[in-house]
Each structure stands twice: as structure tokens, then as C-alpha cells.
Protein chains: 2
Amino acid sequence: MECAIEVIAEEGFAQASLARVAQRAGVAKSVVLYHFANKDELVEQVLTAVSMASIEGVPARIAAASTARDKLRVMIESLLGFVAEHRTYALAALETWNMTRSLPGRLRLVAEREKGADDIRDFFAEGQRVGEFGEFDPRVMAVMFRQAIDAAGLEIALDPDADLRAFAAELVTLFDRATRRQS
Amino acid sequence: MECAIEVIAEEGFAQASLARVAQRAGVAKSVVLYHFANKDELVEQVLTAVSMASIEGVPARIAAASTARDKLRVMIESLLGFVAEHRTYALAALETWNMTRSLPGRLRLVAEREKGADDIRDFFAEGQRVGEFGEFDPRVMAVMFRQAIDAAGLEIALDPDADLRAFAAELVTLFDRATRRQS
DNA sequence: GTATTCTTCGACCGTGCGGTCTAATAACAG
DNA sequence: CTGTTATTAGACCGCACGGTCGAAGAATAC
């Protein structure tokens with residue numbers, strides 16, 4: 001699995017054939033299929049593992065923040081911190097998700113991701129309810145939040161030396177302004 | 001080519017084989033290769049055609065706007081208007097771009113897209129220079145602008161009946177706030 | 001030590017891919 | 001009508017893919 005993630009991240013999802021993954025792991029192709037039943041299962045477990053890893057410890061840090069604005073900052077910094085520290089994982093997640101969207105029969109994964117989006121939307125809605133955020137469609141803001149996280153993955157995909165700390169800081173101020181009250 | 005765009009948009013880039021495109025066009029596979037040399041050329045021309053179509057008339061409308069904030073609004077509304085009116089084209093562009101990024105040897109196309117990103121970055125920088133925009137990294141803002149446009153494509157990919165007009169309105173206010181002066 | 005289970009390997013299979021080639025046909029120029 | 005060119009169809013090729021299978025080797029249980 002580790003090897004699968006590496007291949008996807010470094011060579012792209014399209015190049016991540018079972019043979020290529022097996023070669024990287026130093027085993028025969030059939031060994032991969034012995035442990036994973038079929039390729040879809042491999043991909044699904046990769047996606048699950050990566051997304052689990054990406055949000056590890058984030059809920060705790062969010063709970064430690066008192067205000068909604070602070071939680072928002074923590075979320076951005078945590079997620080981009082993960083991308084920066086686990087570039088391979090982040091790239092694999094980006095690649096896999098992009099491909100998964102178009103390939104057929106992956107509705108379960110899409111549904112899961114949408115559920116995560118709902119959580120973020122609810123967070124913005126709650127921030128509005130308590131009066132911290134101004135008026136905006138929380139769903140649209142949630143979509144843009146996710147796009148911002150994905151953008152971090154794109155950054156390191158195009159430039160491995162990208163300064164994600166500065167990028168995160170920019171995103172924090174951007175969303176801070178975008179969620180302000182008053183017109 | 002029209003058929004290629006349709007297949008990519010409706011069935012996904014991965015399913016858009018030469019045979020599938022030819023079948024859709026009602027011709028033999030070899031006919032496609034007679035007109036396009038190879039698949040890469042087809043993809044490249046599709047991407048070119050779609051991106052040309054997406055910005056058709058946009059420069060004129062931008063020039064008609066006087067302030068930078070107005071130009072920003074016009075850009076968002078124009079691009080999302082295109083997505084709404086030519087969903088097939090927009091979906092094909094999204095699909096193709098996503099795949100192209102990972103596939104090898106497509107550096108030319110990536111470079112072209114990056115040039116377009118530079119233009120948007122310069123637009124934001126100019127807006128800052130004349131004092132209309134506040135302080136932020138124009139490159140990051142340009143990245144998020146592009147992500148916002150892509151988000152529109154994702155919207156119609158997940159829900160064909162998505163209300164892009166409302167989505168555009170939300171984006172306009174979002175970016176309007178994000179580019180405001182003062183902290 | 002033997003029987004059983006777990007794991008690995010490499011050969012193999014069917015399929016669909018991008019791409020080539022040949023022959024037949026349609027369009028057209030003189 | 002004739003020669004030429006543009007266009008089409010379909011058979012074909014080599015390749016890489018996901019996946020299967022049977023035999024051989026490790027581990028483990030008793």
C-alpha cells in the first residue's frame with residue numbers, strides 16, 4: 001500500500017498499474033492481488049488510508065480553538081501542514097480523487113467525500129448562527145474551502161519546493177476576509 | 001472533435017478511447033487517426049478549442065468594465081456563464097485538464113495554462129497598484145480564482161441542475177470581500 | 001516429522017488500447 | 001472519360017492491462 005501511494009504520487013494515477021506497484025514493492029503482481037482481491041479495493045484502501053491520515057489529530061486541535069475564526073485558521077494550517085509534511089500522501093490523494101471522479105462505479109467514495117463537505121458546510125453555518133461570520137452561502141464557502149486545500153496539493157505538484165507555510169498564511173487571511181460580517 | 005468533447009464530458013476522459021470517439025461519430029477508428037495523426041493531437045486540439053471558446057468575448061467585456069473590482073466581477077460572471085451554457089465543454093475541459101496534469105509529456109499544455117494563470121495574477125497585482133485591492137499575494141489569489149472557476153465545473157459534474165447563477169453571485173461577493181483593503 | 005495453512009512466484013488468458021496498412025470508394029481536375 | 005487525390009472501412013499488430021491458476025516454498029500447528 002505504501003508503494004501504491006508512492007507510485008500514484010510520483011508517476012500519476014494513470015501509470016499506477018498493478019504491475020508497476022508490484023515492481024516498486026519488489027514482489028510479483030499476483031502478490032498484490034493476493035492481498036487486495038482487485039485493483040478497486042487497493043485504490044479504495046489507499047484513498048481511505050490517506051484521508052484518514054490527513055485529518056489525524058485535527059478534531060482535537062479544532063476543539064482547542066475557541067472561536068469559529070480560530071477553528072477555521074486551525075483547519076487551514078493543519079491540513080496544509082499535513083500536505084507539507086506528507087507530500088507523497090497529499091499528491092496521491094489529489095491524483096486518486098481526480099481520477100476517481102470520472103471513472104465509473106466509484107459512487108461510494110464520492111458519497112463519502114460529499115459527507116466530509118457537509119461537515120465543513122455545517123461548520124460555516126454554525127459560525128454564522130453564533131454571529132461570527134457574515135452572510136454567505138455556507139455550502140459555496142465549504143466548496144471553496146475544499147478547493148483551497150486541493151490548491152495546496154497542486155502547488156507542490158507543480159513546484160516541490162513551494163512554500164506552503166506562506167500559502168497557508170495567505171489562505172487564512174483570505175478566508176478571514178471572505179467570512180467577515182458587513183458587506 | 002465535437003464528438004470527442006462529448007465523450008470526454010459524458011463518460012470521462014478515461015473512457016474516451018479512439019474507438020469510443022469514432023463510434024460516437026459513426027465512423028471507423030482509423031478515420032479519427034486519419035484526421036488527427038495520434039491521440040495526443042486530438043486531446044491537444046480539444047483542449048485548445050475548449051479553452052478558446054471559454055474566453056470568447058471575455059476580453060471585450062473586461063475592457064468595458066472600468067474598475068478592477070468590476071473587471072473581477074465580469075470575469076467570474078463570464079466564465080461561469082460559459083460553464084452554465086456549455087456544460088459539455090466545461091466538463092470536457094475539467095476532465096482533460098485533470099488527466100493531463102498527471103500524464104507524462106504534456107508539459108507544453110501545462111506551460112500554456114500557467115501563462116493564463118500569470119495573466120490573472122498580473123490583474124490582481126495591477127488592482128493593488130492602483131489602490132483598489134488590499135494587501136494579499138496576487139499569485140495565491142490567482143490560484144484561488146482558478147480554483148473557483150474549476151469549482152463551477154465540479155458543481156455541474158455532481159449536479160447537472162446546479163444553479164450556477166447563484167454560485168457566481170456568491171463567488172463575486174466572496175472575492176469582493178477577499179480583495180478588500182484594510183485587514 | 002508431518003499435515004495444514006499462508007504466501008509467493010511466474011506462466012498464462014482475454015480484452016481493449018493506440019496505431020498501421022491495404023484496399024475500396026468518393027470527389028474532383030483535366 | 002480518365003487520372004489523381006481525399007476519405008473511408010476493416011483487418012491487423014504489438015502491447016500493457018487486470019485478473020486467474022497451479023505449483024512451489026515458508027510458517028505454523030500438532
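Trainee: How do you know whether helix H6 (residues 68-85) of chain A spans what it should?

Mentor: The expected span of a helix is 1.5 Å times one less than its number of residues. For the 18 residues of H6(A) that gives 26 Å, and the end C-alpha atoms are 25 Å apart, so the two agree. This is a predicted model, in which local features need pLDDT of at least 70 and side-chain atom pairs count only at pLDDT 80 or more, while totals for chains, interfaces and linings use all residues. Residues are numbered from 1 along each chain as its sequence is written, and chains are lettered from A and ligands numbered from 1 in the order in which they are written.

Trainee: What makes a stretch such as H6(A) count as a helix, and how many helices and strands does chain A have?

Mentor: Helices (H or I, at least four residues) and strands (E, at least two) are DSSP runs, numbered from the N terminus. By that rule chain A has 10 helices and zero strands. Its C-alpha trace spans about 60 × 35 × 30 Å along the principal axes.

Trainee: Which residues of H6(A) are buried, and what do they pack against?

Mentor: The buried residues include Leu72(A), Met75(A), Ile76(A), Leu79(A) and Val83(A). A residue is buried if 20 or more other C-beta atoms lie within 10 Å of its own, exposed if 12 or fewer, and partly exposed in between, with C-beta atoms placed from the backbone. The buried residues of H6(A) pack against helix H4 (39-54), helix H5 (58-64), H7, H9 and H10 of chain A. An α-helix has 3.6 residues a turn, so residues three or four places apart point the same way. Over chain A, buried residues make up 34% of the 183 residues.

Trainee: Why is Gly153(A) called buried?

Mentor: Gly153(A) has 23 other C-beta atoms within 10 Å and is therefore buried. This glycine sits in helix H9 of chain A. Leaving out residues up to four places away in sequence, Gly153(A) touches Val83(A), Ala90(A), Leu91(A), Ala93(A) and Leu94(A); a contact means C-beta atoms, placed from the backbone, within 7 Å.

Trainee: Is Ala37(A) buried or exposed, and how do you know?

Mentor: Ala37(A) has 9 C-beta neighbours inside 10 Å and therefore counts as exposed. Ala37(A) lies in the loop between H3 and H4 of chain A. Its phi is positive, about 70°, although Ala37(A) is not a glycine. In chain B, Ala37(B) also has a positive phi of about 70°, and with 9 other C-beta atoms within 10 Å it is exposed.

Trainee: What relation do chains A and B have, and how do you know?

Mentor: A rotation of 180° with 0.0 Å of shift along its axis superposes chain A on chain B, with an RMSD of 0.0 Å. That is the relation of a two-fold axis. The fit is by least squares on the C-alpha atoms of residues with pLDDT of at least 70 in both copies. Within chain A, the C-alpha of Ala178(A) comes closest to the axis, at 2.4 Å.

Trainee: How do you know which surface each copy uses to meet the other?

Mentor: 100% of the interface residues of chain A are also interface residues in chain B, so the copies meet through the same surface. The contact takes 26 residues from each of chains A and B. On the side of chain A, two or more residues each come from helix H7 (87-102), helix H9 (138-158) and helix H10 (164-178). H9(A) gives the largest share, eight residues. By class this side has 14 nonpolar, five polar and seven charged residues, where Ala, Val, Leu, Ile, Met, Phe, Trp, Tyr, Cys and Pro count as nonpolar, Asp, Glu, Lys and Arg as charged, and the others, Gly among them, as polar. One residue of chain B, Met144(B), touches Ala148(A), Ala151(A) and Leu174(A).

Trainee: What makes a residue near DNA strand D, and which ones come nearest?

Mentor: A residue is near a strand if its C-beta atom, placed from the backbone, lies within 6 Å of it. Of the 14 residues around DNA strand D, Ser17(A), Asn38(A), Lys39(A), Val27(B) and Ser30(B) come nearest. Helix H2 (18-25) and helix H3 (29-36) of chain A, together with helix H3 (29-36) of chain B, each give two or more residues to that surface. Around DNA strand C there are also 14 residues, the closest being Val27(A), Ser30(A), Ser17(B), Asn38(B) and Lys39(B).

Key: Contact = placed C-beta atoms within 7 Å.
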